[in-house]
Amino acid sequence: MQAAGGKVIAPPFDVGEQGRMATFQDPSGAFISAWQPKAMNATFPSGEPGQFGWGELNARGVDKAVPFYQKVFGWTVKTSDTGPDSPPYNEFQFGGEEHRWADRK
């Protein structure tokens, strides 16, 4: 985490018997938390109604944040042009898959 330019805000700690979590700050200043399940949510479900479908980072310094997430989480980035007066849109993917709420039926 720190080798990628981030800061540890709350080092990993137990949340009872449910799991472990930690909070970090990326190089752009955005905060992100990580969860390691134990008794609660043994697997992170996806693809069903009512489950996580979209996460978005809107920050200054995206040029610093993108390499951080790639290095720490192994995400790839798909960049789309949004027009001549707008910055590009970066979509993080994992394993070449995009995860959008609208794709979940």
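**Group meeting: salt bridges, core and rings**

Two salt bridges are what the count comes to in this protein. Keep in mind throughout that the model is predicted.

I will take the salt bridges first, then the overall layout, then the core and the rings.

In one salt bridge, aspartate 14 pairs with arginine 20, and their closest N and O atoms are 2.9 Å apart. That counts as a salt bridge because the nitrogen of the Lys or Arg side chain has to be within 4 Å of a carboxyl oxygen of Asp or Glu. Aspartate 14 also meets lysine 38 in a salt bridge, at 3.3 Å from N to O. This second pair links distant parts of the chain, with the two positions 24 residues apart. Aspartate 14 sits in strand E1, residues 7-15, while lysine 38 is in the loop between strand E3 (31-37) and helix H1 (62-73). Since the bridges share partners, Asp14, Arg20 and Lys38 are joined into one network.

Are these three buried or exposed? Aspartate 14 has a relative accessibility of 44%, so it counts as partly exposed. Arginine 20 has 25% and is partly exposed. Lysine 38, with 42%, is partly exposed.

Now the layout. How many helices and strands does the protein have? There is one helix, and there are five strands. Read from the N terminus, the order of the elements is β-β-β-α-β-β. The protein has 105 residues, and 16% of them are buried. Its accessible surface is about 7500 Å², and carbon and sulfur atoms account for 54% of that. If you take the contacts between residues at least 6 apart in sequence, 30% of them join residues at least 24 apart.

Next, the core. Which residues make up the largest nonpolar core? There are seven: Ala4, Ala22, Phe24, Ile32, Ala65, Phe68 and Tyr69. Strand E2 (19-25) and helix H1 each supply at least two of these residues. Helix H1 gives the most, with three.

One core residue, alanine 65, is in contact with Asp26, Ser28 and Leu57, if we leave aside its neighbours within four places in sequence. Aspartate 26 is worth a stop. It lies in the loop between E2 and E3. Aspartate 26 is buried, yet it has no salt bridge. The nearest side chain of opposite charge belongs to lysine 64, and that is 9.6 Å away. A salt bridge needs the atoms to be within 4 Å, so a partner at 9.6 Å does not qualify. What does aspartate 26 touch, then? Not counting residues up to four places away in sequence, it touches Leu57, Ala65, Phe68 and Tyr69.

Phe68 and Tyr69 bring us to the rings. A search of the whole structure finds six aromatic pairs. A pair of aromatic rings is described by how far apart the centres are and by the angle of the planes. Phenylalanine 68 and tyrosine 69 make an edge-to-face pair, at 5.0 Å centre to centre and with 85° between the planes. Both phenylalanine 68 and tyrosine 69 are buried.

Tyrosine 69 also pairs with phenylalanine 73. Their centres are 6.1 Å apart and their planes are at 15°, so this pair is stacked. Both residues lie in helix H1, four residues apart, which is about one turn of the helix. How do they stand in terms of burial? Tyrosine 69 has a relative accessible area of 4% and is buried, whereas phenylalanine 73 has 28% and is partly exposed. Phe68, Tyr69, Phe73, Trp75 and Phe92 form one aromatic cluster.

One last residue, phenylalanine 94, is in the segment after strand E5 (89-93). Its relative accessibility is 51%, so phenylalanine 94 counts as exposed; the cut-off for that word is over 50%. Along the chain, phenylalanine 94 and tryptophan 75 are 19 residues apart, and their C-alpha atoms are separated by 5.0 Å.

To recap: the salt bridges join Asp14, Arg20 and Lys38 into one network, the largest nonpolar core has seven residues, and aspartate 26 is buried with no salt bridge.

Conventions
Residues are numbered from 1 along each chain as its sequence is written. This is a predicted model: local features need pLDDT of at least 70, side-chain atom pairs count only at pLDDT 80 or more; totals for chains, interfaces and linings use all residues. Side-chain values use heavy atoms; hydrogens and water are left out. Buried means under 20% relative accessible area, exposed over 50%, partly exposed in between (1.4 Å probe, protein chains only). A nonpolar core is a set of buried Ala, Val, Leu, Ile, Met, Phe, Trp, Tyr and Cys residues joined through side-chain atoms within 4.5 Å. Contact means heavy atoms within 4.5 Å. Accessible areas come from the Shrake-Rupley method with a 1.4 Å probe; for residues, only the protein chains shown count as cover. Lys and Arg count as positive and Asp and Glu as negative; His and the chain ends are not counted. Rings of Phe, Tyr and Trp (its six-membered ring) pair if their centres lie within 6.5 Å; planes under 30 degrees apart count as stacked, over 60 as edge-to-face and the rest as tilted.
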